[in-house]
Amino acid sequence: MNRTLYLLVHRHHFADEPGAPTTVDFMEDGEPLFWDDSEDSFTFLGLYSSQQRAEQRIEQARTLPGFRGHPNGFHVHEYTVGQTHWAEGFLAGEQTDG
């Protein structure tokens with residue numbers, strides 16, 4: 001039996017602060033096309049057994065200082081226990097041939 005868990009993270013992008021220059025392009029679904037992670041703060045809120053529990057935590061967190069001012073920074077990531085992610089690694093700043 002596969003077990004699915006839901007990771008809840010809040011991403012605060014400092015460029016979203018009032019008066020900050022906007023340099024982020026967005027895809028059609030509203031997700032950023034590119035983030036400079038050096039301008040981000042990530043907060044791990046918890047690991048939940050269901051999407052519903054993660055969403056309940058989001059509603060609670062939206063009332064708290066910090067999160068209240070950035071209510072759209074919550075992201076729930078679904079993971080299956082025992083499933084390998086990033087199996088091929090990644091390239092960061094490297095150029096490939098071809």
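Hi everyone, let me open with a question: which residues are exposed on the other side of helix 1? Keep that in mind while I set the scene.

This is a predicted model, so to speak of local features we need pLDDT of at least 70, side-chain atom pairs count only at pLDDT 80 or more, and totals for chains, interfaces and linings use all residues. Residues are numbered from 1 along each chain as its sequence is written, and side-chain values use heavy atoms, with hydrogens and water left out.

Now, helix 1 spans residues 51-61; helices (H or I, at least four residues) and strands (E, at least two) are DSSP runs, numbered from the N terminus. Its buried residues are Ala54, Arg57, Ile58 and Ala61. For burial, I use relative accessible area with a 1.4 Å probe and protein chains only: buried is under 20%, exposed over 50%, and partly exposed in between. Those four cover an arc of only 105 degrees around the axis, so they sit on the same side of helix 1; the arc is taken from the directions from the helix axis to the C-beta atoms. And the answer to my opening question: Gln52 and Arg53 are exposed on the other side.

What does the buried side pack against? The partners are strand 1, strand 2 and strand 3, where contact means heavy atoms within 4.5 Å. Ile58, for instance, touches Leu8, Phe74 and Val76, not counting residues up to four places away in sequence.

That leads to the largest nonpolar core, which has nine residues, among them Tyr6, Ile58 and Phe67. By nonpolar core I mean buried Ala, Val, Leu, Ile, Met, Phe, Trp, Tyr and Cys residues joined through side-chain atoms within 4.5 Å. Helix 1 gives the largest share of this core, three residues.

Here is the one I'd like you to look at: Arg57. It is buried yet has no salt bridge, and the nearest side chain of opposite charge, Glu59, is 11 Å away. For charges, Lys and Arg count as positive and Asp and Glu as negative, while His and the chain ends are not counted. Leaving aside neighbours within four places in sequence, Arg57 is in contact with Leu8, Leu45, Tyr48 and Leu64.

So where does Glu59 find a partner? Glu59 meets Arg62 in a salt bridge, at 3.0 Å from N to O; the rule asks for a side-chain nitrogen of Lys or Arg within 4 Å of a carboxyl oxygen of Asp or Glu. Glu59 is partly exposed at 47% relative accessibility, and Arg62 is partly exposed too, at 31%.

Thanks, happy to chat!
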